[in-house]
Amino acid sequence: MGPLAFILVAGLLYFQVDGSRLRQEDSPPRIVEHPSDLIVSKGEPATLNCKAEGRPSPTVEWYKDGERVETDKDDPRSHRMLLPSGSLFFLRIVHGRRSKPDEGSYVCVARNYLGEAVSRNASLEVACKCGQPLYHKQTQSHTTDFSQFVHR
């Protein structure tokens with residue numbers, strides 16, 4: 001084998017090894033901080049935490065009861081903000097007699113080109129002040145997996 005052929009073969013081997021090394025560094029998303037259940041007073045701020053890792057860095061979206069949550073990224077007037085960490089921040093909890101847009105079961109979904117990761121469910125409930133001291137309305141304890149209902 002001549003010197004030119006050797007350089008060509010060595011160069012091809014370098015690119016194959018280097019290319020596979022780069023692919024090994026990329027990784028699918030994984031949730032490293034899951035959101036926790038919250039009980040919040042109407043009109044107060046709240047945060048549902050979520051942190052994901054992966055390479056390339058995953059994008060994070062939130063879903064409430066299986067529907068994608070609209071944040072300030074979609075509508076600058078929204079009272080919900082997607083923080084750089086991936087957490088969902090509520091400027092104020094909106095809750096009325098007929099409309100309860102913030103109360104429900106939430107999941108965060110992290111995605112990159114290698115896949116997606118879905119967090120555990122976290123419920124956000126609004127405490128009510130029904131005449132006397134603030135109390136948490138009683139609900140039946142249950143766990144629901146909404147990942148199958150996430151609209152993609």
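**Note on the disulfide and the three-stranded sheet**

1. The link of Cys-50 and Cys-108 is right-handed, with 55 degrees about the S-S bond. The pair connects distant parts of the chain, its two cysteines being 58 residues apart. Cys-50 lies in the loop between S3 and strand S4 (51-55), whereas Cys-108 belongs to strand S9 (residues 104-112). The model under review is a predicted one, and the values quoted here should be read accordingly.

2. The sulfur atoms of Cys-50 and Cys-108 stand 1.8 Å apart in the model. Since a pair of cysteine sulfur atoms counts as a disulfide within 2.5 Å, the assignment of this link follows from the S to S distance of 1.8 Å. A disulfide is a covalent bond between the sulfur atoms of two cysteines. A search of the whole structure returns one disulfide.

3. Are the two cysteines of this link, Cys-50 and Cys-108, buried or exposed? Both Cys-50 and Cys-108 are buried.

4. Strand S3, which precedes the loop that holds Cys-50, also takes part in a sheet. This sheet is open and consists of three strands in the order S3-S8-S7, with antiparallel pairing. Strand S3 (46-48) and strand S7 (80-82) are the edge strands, each of them pairing on one side only. From one strand to the next, the twist averages 20 degrees.

5. What joins S7 to strand S8? Strand S7 and strand S8 (residues 88-90) run antiparallel and are joined by three bridges. Within this pairing, Met-81 has Phe-89 of S8 as its bridge partner.

Key:
Residues numbered from 1 in each chain as written. Predicted model: local features only at pLDDT ≥ 70, side-chain atom pairs only at ≥ 80, totals over all residues. Heavy atoms only, no water. Pairing = 2+ DSSP bridges. Helix = DSSP H or I, 4+ residues; strand = E, 2+ residues; numbered from the N terminus. Axes fitted to C-alpha atoms, helices over the stretch in contact; angles between N-to-C directions. Buried < 20%, exposed > 50% of the residue type's maximum accessible area, 1.4 Å probe, protein only.
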